[in-house]
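Let's go through some of the labels people attach to a protein model and ask where each one comes from. Have the picture open while you read.

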Amino acid sequence: MVQIKKKKEIEAKIPDAGMSDIVFLLLLFFLVSTTIDVDTGIGLSLPEYVPPEEQEFVPLSKDRLASLNINENGDVLLDGDIIAIPQINEKLRPRIESKINLSSKKKLVVSVKTDRRTNYNLYIQALDQIKFSYAEVQKAYALTAYGKKFEDLTPEENKVVTREKIPIIISIAEPEKIK
Amino acid sequence: MTFKKKRANAKQEIPTSSMPDIIFMLLLFFMVATTLRERDVYVKFKLPEAVAIQKIENKRLISYIWVGKSGKIQLNDNLVKIEDIQDIMYKKRVELPNVIVSLRIDKESNMGVVHDIQQELRKADARRINYSSMLKQ
């Protein structure tokens with residue numbers, strides 16, 4: 001009798017040796033195409049819009065106000081004195097520091113005013129200097145008051161420093177109209 | 001006298017069977033972290049440089065406004081006129097109350113256009129802005 005050979009079943013297998021290679025390729029693609037670029041810049045909060053008819057004039061004592069003017073030629077005026085942009089930091093710092101312990105209504109207000117034709121880059125440089133001097137004062141204060149770095153402060157302490165002690169008040173004045 | 005070299009009896013192989021799993025995890029991380037939808041920018045611009053800059057943590061909150069060398073203005077995906085900014089940003093703000101507007105303005109621009117945009121943003125009540133700038137090296 002002829003023996004009927006049972007057909008041997010072929011084992012079904014998906015070859016998975018190359019899988020890791022494929023996954024590697026995918027990984028590489030995503031690695032290369034990913035841009036983990038963070039948006040960096042100078043943050044600011046604009047004031048609420050008030051129509052010109054309703055605008056009120058709030059008197060501000062001269063002692064509180066640091067007014068910074070930049071004209072279209074790039075000349076910088078801080079409280080009436082012509083200075084260079086890199087000097088803003090050293091001029092502002094003592095004034096910010098002197099007001100740390102005053103009430104919130106007596107803190108320094110930095111007012112930045114430009115012409116319509118002032119170069120944007122100059123404006124950013126000036127704003128940068130102002131921000132920088134505030135940041136330096138905040139850092140120094142964190143170190144003396146809490147004995148730690150500004151970055152290591154707890155949220156509450158951070159709030160005290162940035163809201164109560166050294167709030168950053170920058171006022172952007174409307175540029176003067178040139179005819 | 002011959003010395004027998006001491007060797008551990010254990011297999012000297014690194015188990016690689018779970019390598020694909022690990023790579024898959026890495027892959028998943030990158031897929032999630034990637035923001036593929038890059039915006040087409042129609043204007044030419046060069047950002048100013050600054051030192052005291054901050055990061056914007058939440059990318060989903062950002063709306064972009066570009067101002068190019070030629071004075072063209074692009075809001076998110078389209079080129080717009082200054083007068084249109086108010087309407088568009090107001091709608092955006094209704095959807096996303098704490099929207100941050102990232103201003104990517106060419107450093108040779110004039111303050112006039114910057115001021116006009118700011119006025120529009122104030123009218124639209126989108127008041128959190130960020131002057132995008134690069135870190136000065």
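Q: What is special about the phi of Gly74(A) in the hairpin of S2(A) and S3(A)?
A: This is a predicted model, by the way. Gly74(A) takes a positive phi near 90°, and the hairpin has five residues between its strands.

Q: How do you know that S2(A) and S3(A) pair, and in which sense?
A: Pairing takes at least two bridges between the strands. Three bridges join S2(A) to S3(A), residues 76-78, and the two run antiparallel, so they count as paired. One place to look is Asn69(A), whose bridge partner in S3(A) is Leu77(A).

Q: What makes S2(A) and S5(A) a pair, and which way do they run?
A: Again, count the bridges: there are six between S2(A), residues 65-70, and S5(A), residues 109-114, and the sense is parallel. Leu65(A), for example, stands opposite Val109(A) in S5(A).

Q: Which strand of chain A pairs with S2(B), and over how many bridges?
A: That's S1 of chain A, residues 40-45, which pairs with S2(B) over two bridges in the antiparallel sense. The cut-off is at least two, so two bridges are enough. Here Gly41(A) stands opposite Gln54(B).

Q: How many residues of each chain are in contact across the two chains?
A: 42 residues of chain B are in contact with 39 residues of chain A. On chain B's side, H1(B) gives the most, with nine residues. By class, that side has 23 nonpolar, eleven polar and eight charged residues.

Q: Why is Lys123(B) called partly exposed?
A: Lys123(B) has 15 C-beta neighbours inside 10 Å. Buried would need 20 or more, and exposed 12 or fewer, so 15 lands in between and the label is partly exposed. Lys123(B) sits in helix H3 of chain B. Leaving aside neighbours within four places in sequence, Lys123(B) is in contact with Tyr49(A) and Gln86(B).

Q: Why are H3(A) and H4(A) called oblique to each other?
A: Their axes cross at roughly 125° and come within 11 Å. Roughly perpendicular covers 65 to 115, and roughly antiparallel starts over 145. The angle fits neither range, so the helices are oblique. The crossing is right-handed.

Q: Which residues of H3(A) meet H4(A)?
A: They are Gln138(A), Tyr141(A), Ala142(A) and Tyr146(A), and they meet Glu157(A), Val161(A), Thr162(A) and Lys165(A) in H4(A). The residues of this contact divide into four nonpolar, two polar and two charged.

Definitions and conventions: Residues are numbered from 1 along each chain as its sequence is written. Chains are lettered from A and ligands numbered from 1 in the order in which they are written. This is a predicted model: local features need pLDDT of at least 70, side-chain atom pairs count only at pLDDT 80 or more; totals for chains, interfaces and linings use all residues. Two residues are in contact if their C-beta atoms, placed from the backbone, lie within 7 Å. Helices (H or I, at least four residues) and strands (E, at least two) are DSSP runs, numbered from the N terminus. Ala, Val, Leu, Ile, Met, Phe, Trp, Tyr, Cys and Pro count as nonpolar, Asp, Glu, Lys and Arg as charged, and the others, Gly among them, as polar. Axes are lines fitted to C-alpha atoms, for helices over the stretch in contact, and angles run from 0 to 180 degrees between N-to-C directions. Angles under 35 degrees count as roughly parallel, over 145 as roughly antiparallel, 65 to 115 as roughly perpendicular and the rest as oblique. A crossing is left-handed if the near helix is turned anticlockwise from the far one by less than a right angle, and right-handed if clockwise.
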